[in-house]
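Student: I would like to go through this structure and ask, for each label, what justifies it.

Tutor: Then put the labels to me one at a time.

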Amino acid sequence: MTMCRRTALATLTALAVLAVAGPGLAEPKKDFKVAWSIYVGWMPWGYAADTGIVKKWADKYGITIEVTQFNDYVESINQYTAGAYDAVTVTNMDALSIPSAGGVDTTAVIVGDFSAGNDAVILKDGATLADIKGRNVNLVEFSVSHYLLARALDSVGMSEQDVKVVNTADPDMVGAFQTPDVTAMVTWNPMVSEIVKLPGATKVFDSSQIPGEIIDLMVANTQVLADNPDFGKALAGIWYDTVTVMASDTPEGAAARAAMGAASGTDQAGFEDQLAATKLFAKPADAVGFVTSPDLSKTMDHVRGFLFDKGLLGSGAPSADVIGIELPGGAVLGDTGNVKLRFSDTYMKLAADGAL
Amino acid sequence: MRWINRRPSRGATLVLHCLPFALLIVAYLIGSAIRLEANPNDKLLPSLATLADTVNRMAFQPDPRTGDYLLWSDTAASLWRLFAGLGISTALALVIGLLIGLLPVMRATLAPFIAFVSMVPPLALLPILFIVMGLGEASKIALIVIGVAPILIRDLSLSAQALPREQIVKAETLSASTWLIGLRVVLPQVLPRLLTSLRLQLGPAFLFLIAAEAISADSGLGYRIFLVRRYLSMDVIFPYVAWITLLAVIGDRLIDLARRRVFPWSELEGAR
């Protein structure tokens, strides 16, 4: 019997230890992990890792940065939220609804680009957005596509009551559009460019009609960043080095775009098409200008209103104010006592001033 | 006494039954407490109070957007798909399995084909299914049938073939026709086996159901899990996983109960 008890105790201890190993504790450290997933605005991270730009900047600050590509966007955010990664590529909306709503204080280190056509509402046999009324709409529920749909419906005086949303996984969008029962879809590139080529498909609304609202970020854990400002500087250095090459009209730039196109499953021309639907901030000063403009506050207000409406800021959230969003300059949207998402221009400014 | 001969007493058996469950719960509570202390908003291992709150919200409060009780409407949608899929599979298995087991001509025609089909990984067919059958209910049910039916058919035909040849010969000497042998000699002996293999296929059936629901749906247990997964809402996922497990266990028990009630002769040796 005693033996049984001892075994039980040992098992219990082992399980407890396993459970403890979970959360990452922030403190000064040397090794950092960055997660990214395939999307036109984030391909530079993979390119930077492959071509040694990451190593160059990490070495400069005496740290190591491990860059990991995730095949699944949501999983990369979940890993970051659970504490396994220090930084992750994410959109402004998902940053607010996943890590921030999950209590992980998160700072947007780099504002890379915003979608200017990469996300679109596509109808089969319909000429205008108004034709969407009464249809089933296939999209990834609660994603930026869902947000785009809400904004699109809003723009023609309709609401989500006028359509029926059907959750559909993004890898299956192109196939799904070719089945007879799918007549309306909201998705993003590279799927959009495939779908609009299909017979009967009409793009009736896209993100260029809500410019600057779907923003692609590199975010990092605020505590990690506060303890290790060098990590933020290295991220900014890597990013602007890479996008400078990528945006340049030189053979090196073309080679970089071809490499990123190949890595995202298309080619240089396909990748440049997607870039055209993306407002990339190749110069840090442009990004600083964007993030410090008053429009950001309006955008985040739309976004948090949408998330609150869908119950994504927590089931017990009394209002959209429950999570504080700090803007550059210190103004806070929402609860000042619970700031969990911060837009910072610190590192981009350093890059703009050449002070990295 | 050797360990192989030691039997726990009745009370000890009960305690031992509960022990792994209790350990799991205690480990969870410890982990949850530690994570929540570091971050009160942590979503990975929510506290019991949060879990209870969520269960209450999902099961007993109408959803503010649709007015449905989400847990029940999800369960109804999923169980309907599961029953349809398993029902079709069982019917197919009964007919085709019996034909293969009974008639050498059918065996020669179908057995290699079924053996081949049963090796196709059903999940790899999913993208094709969605295009051919659309994103509606048909493709989800078809996935369950494709995954489960070949295994049931093979199992049934094998157990029909495993019946002692003497039984068939004996029935023939009593001038039974092929039809009568199938109906009165083979069927009563393979039907209990069909129910047992159906039990064993419950797990895979749930796997296929959830995989199909994850890709495209507007209700269902798998749909909900993959929807809230975006938000790391473990307070929804844990109760749903527990609920699916419970449903599967209940299904397993019910089928076994039915087998013993309807085919009492299949339990001759196990009667205790």
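Student: Are Phe114(A) and Phe281(A) buried or exposed?

Tutor: Both Phe114(A) and Phe281(A) are buried. The model is a predicted one.

Student: What makes Phe114(A) and Phe281(A) an edge-to-face aromatic pair?

Tutor: The rule finds 12 aromatic pairs over all chains. For Phe114(A) and Phe281(A) the centres are 5.9 Å apart and the planes make 65°. Pairing needs centres within 6.5 Å, and edge-to-face needs an angle over 60 degrees, so the pair qualifies on both counts.

Student: Why is the pair of Phe114(A) and Phe281(A) said to tie together parts that are apart in sequence?

Tutor: Phe114(A) belongs to strand S4 of chain A, while Phe281(A) is in the loop between strand S11 (278–280) and helix H13 (284–291) of chain A, so the pair links parts 167 residues apart in sequence.

Student: Which residues form one aromatic cluster?

Tutor: The cluster consists of Tyr39(A), Trp42(A) and Tyr73(A).

Student: Why is Asn118(A) called buried?

Tutor: Its relative accessibility is 0%. Buried means under 20%, so Asn118(A) counts as buried. Asn118(A) is located in the loop between strand S4 (106–115) and strand S5 (119–124) of chain A.

Student: What makes the approach of Asn118(A) to Tyr39(A) a polar contact?

Tutor: The side chains of Asn118(A) and Tyr39(A) make a polar contact at 3.3 Å. The limit is 3.5 Å, so this distance satisfies it. The side chain of Asn118(A) also has a polar contact with that of Asn189(A), at 2.6 Å. Beyond four places in sequence, the residues that Asn118(A) touches include Val40(A), Thr187(A), Trp188(A), Ser207(A) and Gln274(A).

Student: How do you know that Gln274(A) is buried?

Tutor: The relative accessible area of Gln274(A) is 7%, and the cut-off is under 20%, so the label holds. Gln274(A) is placed in helix H12 (residues 268–276) of chain A. With neighbours within four places left aside, Gln274(A) is in contact with Val40(A), Asn118(A), Asn189(A), Pro190(A) and Thr266(A).

Student: What about Ser115(A): buried or exposed?

Tutor: Ser115(A), in strand S4 of chain A, has a relative accessible area of 1%. That is under 20%, so Ser115(A) is buried. Its side chain makes a polar contact of 2.7 Å with the side chain of Asp119(A). Not counting residues up to four places away, Ser115(A) touches Tyr39(A), Ser207(A), Ile214(A) and Ala277(A).

Student: How far apart are the C-alpha atoms of Ser115(A) and Ser97(A)?

Tutor: They are separated by 19 Å, with the two positions 18 residues apart along the chain.

Student: Why is Ile65(A) called buried at 13% relative accessibility?

Tutor: The label requires a value under 20%, and 13% meets that, so Ile65(A) counts as buried. Ile65(A) lies in strand S2 (residues 64–70) of chain A. Among the residues touched by Ile65(A), not counting those up to four places away in sequence, are Phe32(A), Val34(A), Phe231(A) and Ile238(A). The C-alpha atoms of Ile65(A) and Phe231(A) are 8.5 Å apart, although 166 residues separate them along the chain.

Student: What makes Leu129(B) buried?

Tutor: Its relative accessible area is 9%, and under 20% counts as buried, so the term applies. Leu129(B) is part of helix H5 (residues 122–133) of chain B. Leaving aside neighbours within four places, Leu129(B) is in contact with Gly134(B), Ser139(B), Ala142(B), Leu143(B) and Ile146(B). The C-alpha atoms of Leu129(B) and Leu143(B), 14 residues apart along the chain, are 7.6 Å from each other.

Student: What lies over the face of Tyr85(A)?

Tutor: Lys33(A) does, at 4.9 Å from the ring centre. Likewise, the charged end of Lys124(A) sits over the ring of Phe177(A), 5.1 Å from its centre. The distance limit is 6 Å.

Student: Which domains does the assignment give for chain A?

Tutor: Domain 1 covers 31–115 + 213–352 and domain 2 covers 119–209. Their centres, taken over C-alpha atoms, are 26 Å apart. The contact involves 15 residues from domain 1 of chain A and 13 residues from domain 2 of chain A.

Student: How much area do domain 1 and domain 2 of chain A bury between them?

Tutor: About 1,300 Å², of which 64% is on carbon and sulfur atoms.

Note on methods:
Residues are numbered from 1 along each chain as its sequence is written. Chains are lettered from A and ligands numbered from 1 in the order in which they are written. This is a predicted model: local features need pLDDT of at least 70, side-chain atom pairs count only at pLDDT 80 or more; totals for chains, interfaces and linings use all residues. Side-chain values use heavy atoms; hydrogens and water are left out. Helices (H or I, at least four residues) and strands (E, at least two) are DSSP runs, numbered from the N terminus. Buried means under 20% relative accessible area, exposed over 50%, partly exposed in between (1.4 Å probe, protein chains only). A polar contact is a pair of N or O atoms within 3.5 Å; within protein, one must be able to donate a hydrogen and the other to accept it, and residues adjacent in sequence count only if both atoms are side-chain atoms. Contact means heavy atoms within 4.5 Å. Rings of Phe, Tyr and Trp (its six-membered ring) pair if their centres lie within 6.5 Å; planes under 30 degrees apart count as stacked, over 60 as edge-to-face and the rest as tilted. A charge sits over a ring if NZ of Lys or CZ of Arg is within 6 Å of the ring centre and within 35 degrees of the ring normal. Domain bounds come from an automatic or database domain assignment. Buried area is the accessible area (1.4 Å probe) that two parts lose on being put together, summed over both.
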